[in-house]
Amino acid sequence: MKRFLIPLGLFFVLVGFLAVGLRLDPREVPSPLVDKPAPLFQLQQLDDSGKTFSPKDMLGKVWLLNVWASWCVSCRAEHPLLVSFSKQAGDLPIVGLSYKEVRGDNETDVSKMSPADELRLTRQRATAWLARHGNPYTLSALDMDGRVGIDYGVYGVPETYLIDKAGIIRYKQIGPVTRETLDKIILPKIKELEKS
Amino acid sequence: MKRLLILLSLALLCGLASAKEATPLAEDEAVEKRLVYISDEMRCLVCQNESLSSSHAELAQDLRREIRSLIKQGKSDQEIMDFMVSRYGDFVRYRPPIKASTYLLWFGPFLLLAGAIIALVVYLRRRGGRIEESSEDMLSAEERRKAEDLMKLNESESKQ
């Protein structure tokens, strides 16, 4: 009887490791950007062709940066929550980063398109999508070539960053924001950051 | 002239095949070689079991373009690796750095090997002891006699 105890023990240790391993999500890569300053950029805004947006404009405010695109299926799943959150959150700014709206759709070949055409198509698609599904964003900035996305370590849309008053990234959500993560993680963090 | 035409049509075909690729094709061989060398060491974050150099994911193409422009700016391999790690974390490297949180990853297999060798040595020693102990009285007098008879029988049979 005793001789079976050791293999049995090893078996349970192995089962333990596998059980933990199954619960981990390999897509959740810890971001090195958390607790680091949000990378700066200067991008055109979606609605007003004259204005640009920079994270510097948000200094002194706690805000959310949400990376989205009209071709992104999970963004659509996440969107109603953002819309209702934007109504209840009051004055918490949610900035949209329109990520590779035209280049990312896997259909349009941008190399045959002039930059002005790409910009026009981006505006047209993004505006139509927001009109259809609701606009939770204070404003949206256009990252047409995904260059800013690289600085933010974006590798799957949607992604959401919580940035504090000093412009430091405090939390990064990879994939859609859910009711649960919003209530349990993001909202408490916002409250805490707004106090400081 | 004919050659040129063939070349041109081939070039066109290539253009068609990789129509999705937004980046211009290799214009500088040295840059491309370094690009492949560096991006072989990196993981594509979209399809995580592919290297950045072999992945066809959209993001991988963007990142390769980014690395290409860094190379052209004259950045060293280390600087390019740091650029990627500062954005995507150590996860982007196929060879994780040796630090406190990865000691188990790097040295765990050697620990297991050492454990296995110790267990083997202990087991062999114990077994060796047991065999020596029991070898003298493994057979009773009666059994020994029988065994000798059998051996004799066997011998005489083979002589015939």
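1. A:Lys172 sits in strand β7 (residues 169-174) of chain A, in what is a predicted model. Helices and strands here are DSSP runs numbered from the N terminus, with H or I over at least four residues for a helix and E over at least two for a strand. A:Lys172 has a relative accessible area of 11% and so is buried; buried means under 20% relative accessible area, exposed over 50%, and partly exposed in between, with a 1.4 Å probe and protein chains only.

2. Which partners does the side chain of A:Lys172 have? One is the side chain of A:Glu159, in a polar contact of 3.1 Å. The backbone oxygen of A:Gly153 also lies 3.2 Å from a polar atom of the A:Lys172 side chain. A polar contact is a pair of N or O atoms within 3.5 Å; within protein, one must be able to donate a hydrogen and the other to accept it, and residues adjacent in sequence count only if both atoms are side-chain atoms. Leaving aside residues up to four places away in sequence, A:Lys172 touches A:Ser31, A:Val34, A:Tyr152, A:Gly153, A:Glu159, A:Thr160 and A:Tyr161, where contact means heavy atoms within 4.5 Å.

3. A few words on conventions. Residues are numbered from 1 along each chain as its sequence is written, chains are lettered from A and ligands numbered from 1 in the order in which they are written, and side-chain values use heavy atoms, with hydrogens and water left out. Because the model is predicted, local features need pLDDT of at least 70 and side-chain atom pairs count only at pLDDT 80 or more, while totals for chains, interfaces and linings use all residues.

4. Please have a look at the peptide bond between A:Val157 and A:Pro158, which is cis, with omega at about -5°. A:Pro158 belongs to the loop between α4 (147-151) and β6 (159-163) of chain A. Most peptide bonds are trans, and most residues other than glycine have a negative phi.

5. Two residues of chain A deserve a check on phi. A:Asp35 is not a glycine, yet has a positive phi of about 70°; this residue is in the loop between α1 (2-23) and β1 (43-44). A:Lys100, also a residue other than glycine, has a positive phi near 45°. The loop that holds A:Lys100 runs between β4 (94-99) and α3 (115-133). Is A:Lys100 buried or exposed? With a relative accessible area of 2%, A:Lys100 is buried.

6. The loop between β2 (52-53) and β3 (63-68) of chain A contains A:Gly60, and A:Val62 has its place there too. A:Gly60 counts as partly exposed at 48% relative accessibility, whereas A:Val62 is buried at 3%. Outside the residues up to four places away in sequence, A:Val62 touches A:Leu92, A:Pro93, A:Leu162, A:Ile163, A:Asp164, A:Lys165, A:Ile190, A:Leu193 and A:Glu194. From C-alpha to C-alpha, A:Gly60 is 24 Å from A:Asn135, with their positions 75 residues apart in sequence. For A:Val62 and A:Asn135, 73 residues apart along the chain, the C-alpha separation is 19 Å.

7. What is the overall make-up of chain A? The chain has 5 helices and 7 strands, in the order α-β-β-β-α-β-α-β-α-β-β-α from the N terminus on. Its radius of gyration is 21 Å, well over the 16 Å of the globule rule for 196 residues, so chain A is more spread out than a compact globule. That radius is taken over C-alpha atoms, and the rule is 2.2 Å times the number of residues to the power 0.38. The C-alpha atoms fill a box of roughly 80 × 45 × 30 Å along the principal axes. Of the 196 residues, 47% count as buried.

8. Chain B contains 6 helices and 0 strands, and its elements run α-α-α-α-α-α from the N terminus on. Buried residues make up 24% of its 160 residues. Among contacts in chain B with a separation of 6 or more, 51% are between residues 24 or more positions apart; the corresponding share in chain A is 71%.

9. One last side chain to inspect is that of B:Glu32, in helix α2 (residues 29-39) of chain B. B:Glu32 counts as buried at 16% relative accessibility, and a polar contact of 2.8 Å joins its side chain to that of B:Arg68.
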